[in-house]
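Subject: Handing over a structure, with notes

Dear colleague,

I am passing on the structure shown just below, together with notes on what was found in it. Please keep it open beside you while you read.

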Amino acid sequence: MRRRRVAGDEGGVELFVLIVTVVLVAALGLVVDLGGRMRASDNAAWTAQQAARAAAEQVSGAHAQAGVLPVVASSSGVAAAEQVIATAGMTGTVAVVGDTVTVTVSTTYDPMILDAGSAWTVTETATARIARGIGTEER
């Protein structure tokens, strides 16, 4: 017994399967790689926050002994923040102005599925400020 072919039906299913497969792989890539980028962003934000806190803990001894409003010891504050950033395996910048520290951290994420040939750079910024007082802040 021979099968009869319906005219104009050759390859229709294969094309549908190909299109659905490409769409599913693209959706999987979005979930995996955008999730990975979000995780890298969270890690960069956490590192920036910890580096800013570490720098803000470096209070100038002269200001503390004189009883005036505290300021961050610039060189030791920058060094403390840079150590946190380096330990996390990231790069960044630290700016100290009076009682405020601003840290910007950058890292990269290498996409696993949506590989466009280059890593994605993620940058996050955090700020910490010294506050003095118990219950309420003194100025």
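Before the first figures, one term is needed: contact means that heavy atoms lie within 4.5 Å. With that in mind, among contacts in the protein chain between residues at least 6 apart in sequence, 55% join residues at least 24 apart. Please also bear in mind throughout that this is a predicted model.

To begin with the overall layout, the protein chain has 3 helices and 3 strands, and when these are read along the sequence they follow the pattern α-α-α-β-β-β. Of the 139 residues in the protein chain, 24% are buried, and the chain exposes about 9,600 Å², of which carbon and sulfur atoms supply 58%.

The sheet

The 3 strands form an open sheet in the order 1-2-3, and the pairing is antiparallel. Strand 1 (91–97) and strand 3 stand at the edges with a single partner strand each, so one side of each is left without a neighbour in the sheet. On average, and with direction ignored, neighbouring strands of this sheet are turned by 15° against each other.

Strand 1 and strand 2 pair in the antiparallel sense over 7 bridges. Two positions help to locate this pairing in the model: Thr91 has Ser106 in strand 2 as its bridge partner, while Val96 stands opposite Val101, which also belongs to strand 2. The hairpin of strand 1 and strand 2 has 2 residues between the strands, and in it Gly98 takes a positive phi near 60°. Helix 3 (residues 74–87) packs on the sheet, where it touches strand 1 and strand 2, and its direction makes about 155° with that of strand 1.

The aromatic pair

How many aromatic pairs does the count come to? The count comes to 1 aromatic pair, formed by Tyr109 and Trp120, whose rings are 5.9 Å apart centre to centre with 50° between the planes, an arrangement that is described as tilted. The pair links distant parts of the chain, since Tyr109 lies in strand 2 (residues 100–109) and Trp120 in strand 3 (residues 120–129), 11 residues apart. As for their surroundings, Tyr109 has a relative accessible area of 10% and is therefore buried, the cut-off for that word being under 20%, whereas Trp120, at 23% relative accessibility, counts as partly exposed.

Thr121, which is found in strand 3, is another residue to look at here, with its C-alpha 6.4 Å from that of Tyr109 although the two are 12 residues apart in sequence. At 53% relative accessibility Thr121 counts as exposed, and, leaving aside its neighbours within four places in sequence, it is in contact with Arg37, Thr107 and Thr108.

Helix 1 and its contacts

Is Ser41, which has its place in helix 1 (residues 12–56), buried or exposed? Ser41 counts as buried, at 13% relative accessibility. The side chain of Ser41 makes a polar contact with the side chain of Glu124, at 2.6 Å, and, not counting residues up to four places away in sequence, Ser41 touches both Val122 and Glu124.

Thr47 is also found in helix 1, and with a relative accessible area of 3% this residue is buried. If residues up to four places away in sequence are again not counted, Thr47 touches Val84, Ile85, Ala88, Met90 and Val105. Val84 and Ile85, included among these, fall within helix 3 (residues 74–87), and Val105 falls within strand 2 (residues 100–109).

A last residue in strand 3

The place of Thr125 is in strand 3, and with a relative accessible area of 49% Thr125 is partly exposed. Which residues does Thr125 contact, leaving aside its neighbours within four places in sequence? They are Ala48, Thr102, Val103 and Thr104, and with Thr104 there is also a polar contact between the two side chains, at 3.2 Å. The C-alpha atoms of Thr125 and Gln49 are separated by 7.8 Å, although these residues are 76 apart along the chain.

With kind regards

Notes: Residues numbered from 1 in each chain as written. Predicted model: local features only at pLDDT ≥ 70, side-chain atom pairs only at ≥ 80, totals over all residues. Heavy atoms only, no water. Helix = DSSP H or I, 4+ residues; strand = E, 2+ residues; numbered from the N terminus. Buried < 20%, exposed > 50% of the residue type's maximum accessible area, 1.4 Å probe, protein only. Areas by Shrake-Rupley, 256 points an atom, 1.4 Å probe, with all protein chains shown as cover. Phe/Tyr/Trp six-rings, centres within 6.5 Å; stacked < 30°, edge-to-face > 60°. Pairing = 2+ DSSP bridges. Axes fitted to C-alpha atoms, helices over the stretch in contact; angles between N-to-C directions. Polar contact = N/O pair within 3.5 Å; in protein donor to acceptor, adjacent residues only side chain to side chain.
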